[in-house]
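Please open the model in a viewer and set the display to show both backbone and side chains. The stops below are meant to be selected in order.

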Amino acid sequence: MLLEVCNVEKSYPLAGSGLFSNKKRQIINDVSFSLEQGDCIGVIGESGSGKSTLARLICGLEMPNRGHIRLNGKNVVIADTRKNHISVVFQDYASSVNPLMTVFQMLSEPLLLNQKLNRQQLDARISELLLLAGLPDDLKPRHAHELSGGQIQRIAICRAIATNPELIILDEAISSLDVSSQVQILDLLARLKSQLNLSYLFITHDIQAVAYLCNKVLFFYQGRIIERCNIDDLVSVKHQYAQRLLKSVVSFD
């Protein structure tokens, strides 16, 4: 099993409750699921349901109050478990890149952190990444302000796949884009998944995108998984919240 999330809980002290107060707000409540190599699991729920907190826990950016998260059987709290094995693409593409860096520098950064490459090797690998993302080679000297939102998010995806990770977390990765760019990025993610045998945890509030990209779905509501199913079984969901989301599904074809 690639990823195992077991009985995870996360809470934060209530604002204004005092230094020694035990009052807490429960954000993640007894969440368990597993993700196999090659899976794309959609985690869908409204804003504030705990989806992004779950992403931070899996990335090791925060620690659960209870339960454990394992990647290939190892606890993600251990930095070496995460390094080069988990990548993240965030919602805010503009803040995910350094405006002072060129595209070449943006893509060089993750590559040089993990391997020694000479200039020729580095240039060739960056060309390969740009080609995978459907971007032209002449973007290398450009800065973020010279790129469209869709191009910047493609660069973010290039950075995510640069280290050949086993798991990519897509945290609302298309929600800041216009509809046309959203469809293009979904097409790119689907192609890369097939071409590179990637595994995704796709966190979103968009059931349409989940229906297009994912093979499994978890419905998140108030910090809990209230329904889970294979994508082919969406019509059989029982929970009222899941049924309401399902009614909004349209085809991308």
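The tour follows one helix and its neighbours, then turns to two glycines.

**First stop: helix α5**

The coordinates belong to a predicted model. Begin by selecting residues 149-161, which form helix α5. How far apart are its end C-alpha atoms? They lie 19 Å from each other, in agreement with the 18 Å that 13 residues should span at 1.5 Å a residue.

Next, colour the helix by accessibility. Of the 13 residues of α5, 11 are buried, so the helix is largely enclosed by the rest of the structure. Glycines G149 and G150 belong to this buried set, together with I152, Q153, R154, I155, A156, I157, C158, A160 and I161.

Which elements pack against these buried residues? Add to the selection the strands β6 (86-89) and β7 (167-171), then the helices α3 (103-114), α4 (119-132) and α6 (179-196). Two of these partners, α3 and α4, are visited in turn.

**Second stop: α3 against α5**

Keep α5 displayed and select α3, residues 103-114. The axes of the two helices, α3 and α5, approach within 8 Å and cross at roughly 25°. That angle makes α3 roughly parallel to α5, since angles under 35 degrees count as such. The crossing of the pair α3 and α5 is right-handed.

To display the contact itself, show the side chains of V103, M106, L107, E109 and P110 on α3, and those of I155, C158 and R159 on α5. By type, the residues of this contact between α3 and α5 comprise six nonpolar, no polar and two charged.

While α3 is selected, inspect its burial. V103, F104, M106, L107, S108, P110 and L111 are buried. The cover over the buried residues of α3 includes α4 as well as α5.

**Third stop: α4 against α5**

Now replace α3 with α4, residues 119-132. At what angle do α4 and α5 pack? The angle is about 125°, and the axes of α4 and α5 are 9 Å apart. The helices α4 and α5 are therefore oblique to each other. Here, too, α4 passes α5 in a crossing that is right-handed.

Select R125, L129, L130 and L132 in α4; they meet I155, C158 and I161 in α5. Sorted by type, the residues of the contact of α4 with α5 are six nonpolar, no polar and one charged. Residues I155 and C158 deserve a second look, as they appear in the contact with α3 and in the contact with α4.

**Fourth stop: G42**

Move to strand β3, residues 40-44, and select G42 within it. Is G42 buried or exposed? G42 is buried, with a relative accessible area of 0%. Leaving out neighbours within four places in sequence, select the contacts of G42: F202, V210, C214, K216, V217 and L218. A distance label from G42 to G67, 25 residues apart in sequence, should read 21 Å between C-alpha atoms.

**Last stop: G60**

Finally, select G60, located in the loop that joins α1 (51-59) and β4 (66-71). G60 is partly exposed, with a relative accessible area of 24%. Which residues does G60 touch, not counting those up to four places away in sequence? They are V76 and R82. To end, draw a line from the C-alpha atom of G60 to that of S87: these residues are 27 apart along the chain, and their C-alpha atoms are separated by 11 Å.

Notes. Residues are numbered from 1 along each chain as its sequence is written. This is a predicted model: local features need pLDDT of at least 70, side-chain atom pairs count only at pLDDT 80 or more; totals for chains, interfaces and linings use all residues. Side-chain values use heavy atoms; hydrogens and water are left out. Helices (H or I, at least four residues) and strands (E, at least two) are DSSP runs, numbered from the N terminus. The expected span of a helix is 1.5 Å times one less than its number of residues. Buried means under 20% relative accessible area, exposed over 50%, partly exposed in between (1.4 Å probe, protein chains only). Contact means heavy atoms within 4.5 Å. Axes are lines fitted to C-alpha atoms, for helices over the stretch in contact, and angles run from 0 to 180 degrees between N-to-C directions. Angles under 35 degrees count as roughly parallel, over 145 as roughly antiparallel, 65 to 115 as roughly perpendicular and the rest as oblique. A crossing is left-handed if the near helix is turned anticlockwise from the far one by less than a right angle, and right-handed if clockwise. Ala, Val, Leu, Ile, Met, Phe, Trp, Tyr, Cys and Pro count as nonpolar, Asp, Glu, Lys and Arg as charged, and the others, Gly among them, as polar.
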